[in-house]
Amino acid sequence: MSFLHLSFYSTFTLSSLGLAFHRTHLISALLCLESMMLSLYIALSMWPVQTLTTSPTLMPILMLAFSACEAGAGLAILVASTRTHGSDHLHNLNLLQC
Amino acid sequence: MDLSLILTMSMLLTMATLTTPLLLPLLTKHYQNSPHTITKTVKTSFMISLIPMTIFIYLGLENITICWKWKFITNFKIPLSLKMDQYSLMFFPIALFVTWSILQFATWYMASEPQITKFFSYLLTFLIAMLILTIANNMFLLFIGWEGVGIMSFLLIGWWHGRAEANTSALQAVLYNRIGDIGLILCLAWLASTMNSWEMQQTPSTNHIPLLPLLGLILAATGKSAQFGLHPWLPAAMEGPTPVSALLHSSTMVVAGIFLLIRSHPMLQNNPTALTLCLCLGALSTLFAATCALTQNDIKKIIAFSTSSQLGLMMVTIGLNLPQLAFLHISTHAFFKAMLFLCSGSIIHNLNGEQDIRKMGGLQKILPTTTSCLTIGNLALMGTPFLAGFYSKDLIIESMSTSYLNTWALLLTLLATSFTATYSLRMSLLVQTGHTRMPSIMPINENNPTLTTPITRLALGSITAGLLITSYILPAKTPPMTMPILTKTTAIIISIAGIILALELSKMTQLLTKPKQNPLLNFSMTLGYFNHLTHRSNSTKLLNTGQKIASHLIDLCWYKKMGPEGLATLQLEATKTSSTLHTGLIKTYLGSFALSIIILLITSSH
């Protein structure tokens, strides 16, 4: 694949692995989510450049809106967790533990 | 005068006379049996059966009668056909004569028995079954007689069923006979599937019969006639009353196996493997039984082992392809063996139940008739010239010595013949001669005519039967006429050697101290360790295998490990493993997320 594809492909993969393996703080997971979103944004932006059509130009903006909502929701969870448990450690989220 | 009709009718009348005491009490209330009436019935049957025998001797007339056809399935009809040939026509009078004498003796022997009539009816039923076996022309009728004698043997051996040893002996007899019956059923099945008939005439004698049905027949004879391998039941059967031993286990039932081989001789004669098997099996049986008889101390067991030894000799004769000679030996053997048993019964009763020959002695002056007949019987058994046993036994030994056969079998038989002389003489010496070793005051009395008449009658038979039968019946195969003197006198010489040995040994017992145990003595006393080795191991092996298959394989393995419960256990394992993942912590879910990513990487990297 071309160098461009490789770049956002690997960014996405590394971010998702980072999401999976950052086990201590919730904020590192959220940061990885943001970088996943970034790589998706760049990938979506490359689409009209590669196919030379103008219709898909709207898609990155839509995705950005949704990711902003999602980041807001994640930060709200972070704040709520900090307010109740005093820190943002991931092992605080254990209400479903058997 | 239609003699064929007279032949058939007199034979059927004999059988009908015998069944009368069994059927009449069921039909009318007035007629009740008693031992006296049953004895008279058998005597009448004997007289009637002399008619067909005389016709046969005079004319050589044989007959086959078909009474009824049982249409079993299509294309396979089982006729009720009776064959009156040399064997059955000669066997009927002999068996009836011996049975008459035994029944007369039993009126004295079992006089204190409360159920004596039932005993006599059992003996009569046995006799009828044996005669059915003899007169049968097809294997089905023979099988009916075969099973009949087996069942009656069981009932009669366990007559005193309060005694534990009698029960085990009866059970042993039935089990060993059953193993032989498997062979007979095998032969029946082969005949039904190949020849489509169970008639004796339709079995081919010219082309070769495969070995399997013949092996079945030999197995049946081994079981019924107590050849080596299925022999322990015969000495154990001495638990029954002496009339039972005299009738069943000396003259009639145990020769049923040999009789089967005589009847199916056309099948056997062309198969050298089967004949050699008979020869070697018979030789082994005769020597084994004679060896075991050397160290027995129970008078009935000595006679039982001598029966077993003579049966082995009959098997050897079958192996020599001489069925008529085997039948001659059956006929002469019946007389002196029954007489030996009756004499032993008289001695046992007179000594108030003492059966150990070490506790008898000097009876010659006290029981003259009985001991004289015992001596006659022993001499006939040894093959003393011109008594009954000589005509058959000497002829067998001569034929063996002049045939082209296995030397090992010949040597074993000769050794067994000399052992026969040895143990017979030992028994006679210990019972009749010397000082008395029994308790002082014994009510010994043999003046009862119901005791002495049958014994003397059988003694007359033992002396003259051989001469009479061989004078009137022509041999089917040419007997050997010329042979070297040493071969001709082989039987006599080795019997005399056995007698000298017995005399020397009997002197030793009074002059020297009792010898210590040695392996040969132990081998002979424990009957070759056969009972100890096989009775426990075979049954535990069978039962273990049965338990493995029925319980372990099916219940434990199929149900618990592989079937329903096994599936449940497997699921449980999988559930336990996967429930460690369902902890409710985010780490686990993130981990599964990573796993999905890796799978995505791998599968899309092309």
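How many disulfides does a search of the whole structure find over all chains? In this predicted model, the search returns zero.

**Figure 1. Two cysteines in the predicted model, one from chain A and one from chain B.** The view takes up Cys69(A), which is exposed with a relative accessible area of 53%, together with Cys67(B), which at 43% relative accessibility counts as partly exposed. Because exposed means over 50% relative accessible area and partly exposed covers the range between 20% and that limit, the two residues are placed in separate classes, with Cys69(A) at 53% and Cys67(B) at 43%. A disulfide is a covalent bond between the sulfur atoms of two cysteines, and over all chains of this structure the number found is zero.

**Figure 2. Chain B as a whole, and a segment of chain B annotated in UniProt.** The secondary structure of chain B comes to 24 helices and two strands, and the C-alpha trace of the chain spans about 115 × 70 × 65 Å along its principal axes. Of its 606 residues, 52% count as buried, and among contacts between residues at least 6 apart in sequence, 82% join residues that are at least 24 apart. For residues 70-120 of chain B, an unreviewed UniProt entry lists "domain: NADH-Ubiquinone oxidoreductase (complex I) chain 5 N-terminal"; over these residues the chain is 57% helix and 25% strand, with the end C-alpha atoms 32 Å apart.

**Figure 3. Surroundings of Gln86(B) in helix H3 of chain B.** Gln86(B) lies in helix H3, which runs over residues 86-109 of chain B, and with a relative accessible area of 14% this residue is buried. That assignment follows because buried means under 20% relative accessible area, and the value for Gln86(B) is 14%. Leaving aside neighbours within four places in sequence, the residues in contact with Gln86(B) are Phe56(B), Glu62(B), Gln324(B), Phe327(B) and Ile473(B). With one of these residues, Gln324(B), the side chain of Gln86(B) makes a polar contact, side chain to side chain, at 3.2 Å.

**Figure 4. The interface between chain A and chain B.** The size of an interface is often given as the accessible area lost when the parts come together. Between chain A and chain B the buried area is about 1300 Å², of which carbon and sulfur atoms give 74%. On the chain A side, Tyr9(A), Ala20(A) and Arg23(A) lose the most area to chain B, together 29% of what that side buries, while helix H1 (residues 3-21) of chain A supplies seven residues, the largest share of the side that touches chain B. The contact takes 15 residues from chain A and 13 residues from chain B. Between the two chains there are zero salt bridges, and the count of residue pairs in polar contact, with both residues at pLDDT 80 or more, is one.

**Figure 5. Two loop residues with positive phi, Leu52(A) and Asn321(B).** Although Leu52(A) is not a glycine, it has a positive phi of about 55°; this residue is found in the loop between helix H2 (26-51) and helix H3 (59-85) of chain A, and at 75% relative accessibility Leu52(A) counts as exposed. In chain B, Asn321(B), likewise a residue other than glycine, has a positive phi near 70°, and its place is in the loop between helix H13 (299-319) and helix H14 (323-350).

Note on methods. Residues are numbered from 1 along each chain as its sequence is written. Chains are lettered from A and ligands numbered from 1 in the order in which they are written. Side-chain values use heavy atoms; hydrogens and water are left out. A disulfide is a pair of cysteine sulfur atoms within 2.5 Å. Buried means under 20% relative accessible area, exposed over 50%, partly exposed in between (1.4 Å probe, protein chains only). UniProt positions are given in the numbering used here, feature names are shortened, and annotations may be inferred rather than shown by experiment. Helices (H or I, at least four residues) and strands (E, at least two) are DSSP runs, numbered from the N terminus. A polar contact is a pair of N or O atoms within 3.5 Å; within protein, one must be able to donate a hydrogen and the other to accept it, and residues adjacent in sequence count only if both atoms are side-chain atoms. Contact means heavy atoms within 4.5 Å. Buried area is the accessible area (1.4 Å probe) that two parts lose on being put together, summed over both. A salt bridge is a side-chain nitrogen of Lys or Arg within 4 Å of a carboxyl oxygen of Asp or Glu.
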